[in-house]
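Student: I have not met this structure before, and I would like to go through its charged pairs slowly. Could you take me through them with questions and answers?

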Amino acid sequence: MKRLQSFLALSSLAVFSFACAPQETEEEMLQRTAVDVRVPVPAADPKYLDFVGAELILKGGADRMTCTHLSYQGEDVAYDLADPLQGKFGHHFVIMKAKQPLPAGTMEDCSKPEDMAKYDLLTMPSFELPAGHAFLLRKGTPIVMQSHYVNTGKDPIRTRDILRFHRVDASTVKTWAAAFASYLEQFEVKPGEQATRNYDCVVPRDYKMMMVGGHMHEWGKKFFLSYAATPGDTMKELYRVDEWMAHYRDSPPTLLMMKNPMDLPMGSILKTECTWFNDTKETLSHPHEMCTTFAVLLGSKESWLCKG
């Protein structure tokens, strides 16, 4: 009888302890179970200028675009490659600068189309310039790392991106380069609909164009870029992709003009045209689908961003 009483007492104590034990919060659960897809921080290398992004945990199925503010306070740096590194489930990584800088380390959601109004384009990611050419990173530049992740898995993930600038000796630079990008801010493609939209960008100064390409996502069908030297001229084909493939989202075809860059005089017009087909049950809009032209321009140190 005493043994039974002792067993019941111990059982009651165990139940009481379990009931009073602190319950794990959702945040604690996410921290404990998140799959680590962070990009490793590279070892210090004098050939590179490295920036480490903020860490973020995303639930399974999450689709989120964040902007991390950084500040560069070193001396002006010439570089021939800006290399953005993302982990698994990374969708894209855009390198921008803030119009109104926030404290270094600040991370904000920038998923809405109107959020782009807070930033300017800084540089062209993942494009290595030829010898004698360079981009310029100025002292005091308020860098913004725009990072888009789509966690298609069931488990939460822990992300962290890295940005690397490959330095070059400024005394060897003969031609300075800058990035160009355009985007269509407001558009919708209804479920089951095929839609085509276009917009113009007027060139603000004289450039030469070394490379140009287009960017859409999985629902893109056709991309067309045309050009006119003046508003009264007939638009001429510059770049086209008649059958857009889903994998072009990350590796689009590009038109290279390395040996003979194309003249792009002030006042000329670039017309971007995108066609999509929406086979989902939801309406598509920016940033889940896009219509973007990107290019490398010569003859300027300042990047150009055009909103359609």
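**Salt bridges across the chain**

Tutor: Let us begin with one pair: the side chains of Asp50 and Arg164 meet in a salt bridge, at 2.8 Å from N to O, where the term means a side-chain nitrogen of Lys or Arg within 4 Å of a carboxyl oxygen of Asp or Glu. The model is predicted, so local features need pLDDT of at least 70 and side-chain atom pairs count only at pLDDT 80 or more, while totals for chains, interfaces and linings use all residues. Residues are numbered from 1 along each chain as its sequence is written, and side-chain values use heavy atoms, with hydrogens and water left out.

Student: How many residues apart are Asp50 and Arg164?

Tutor: Asp50 belongs to strand E2 (residues 48–52) and Arg164 to strand E12 (residues 162–168), with strands (E, at least two residues) and helices (H or I, at least four) taken as DSSP runs numbered from the N terminus. The pair therefore links distant parts of the chain, and the separation is 114 residues.

Student: Is Arg164 buried or exposed?

Tutor: Buried means under 20% relative accessible area, exposed means over 50%, and partly exposed lies in between, using a 1.4 Å probe and protein chains only. Asp50, at 26%, is partly exposed. Because the relative accessible area of Arg164 is 13%, Arg164 is buried.

Student: Which residue meets Glu185 in a salt bridge?

Tutor: Glu185 has a relative accessibility of 11% and counts as buried, whereas its partner is partly exposed at 48%. The two side chains meet at 3.6 Å, N to O, and the partner of Glu185 is Lys307.

Student: Where in the chain is Asp242, which pairs with Lys222?

Tutor: The side chains of Lys222 and Asp242 meet in a salt bridge at 4.0 Å, N to O. Lys222 lies in strand E16 (residues 220–228), so the pair ties together parts that are 20 residues apart in sequence. Asp242 is in the loop between strand E17 (236–241) and strand E18 (254–256).

Student: Which residues are linked in a network of salt bridges?

Tutor: Side chains of opposite charge can pair when their charged atoms come close. Here the linked residues are Asp36, Arg38, Glu55 and Arg160.

Student: How many salt bridges does a search of the whole structure find?

Tutor: The pairs of Asp50 with Arg164 and Glu185 with Lys307 have already been described. A search of the whole structure gives a total of 19.
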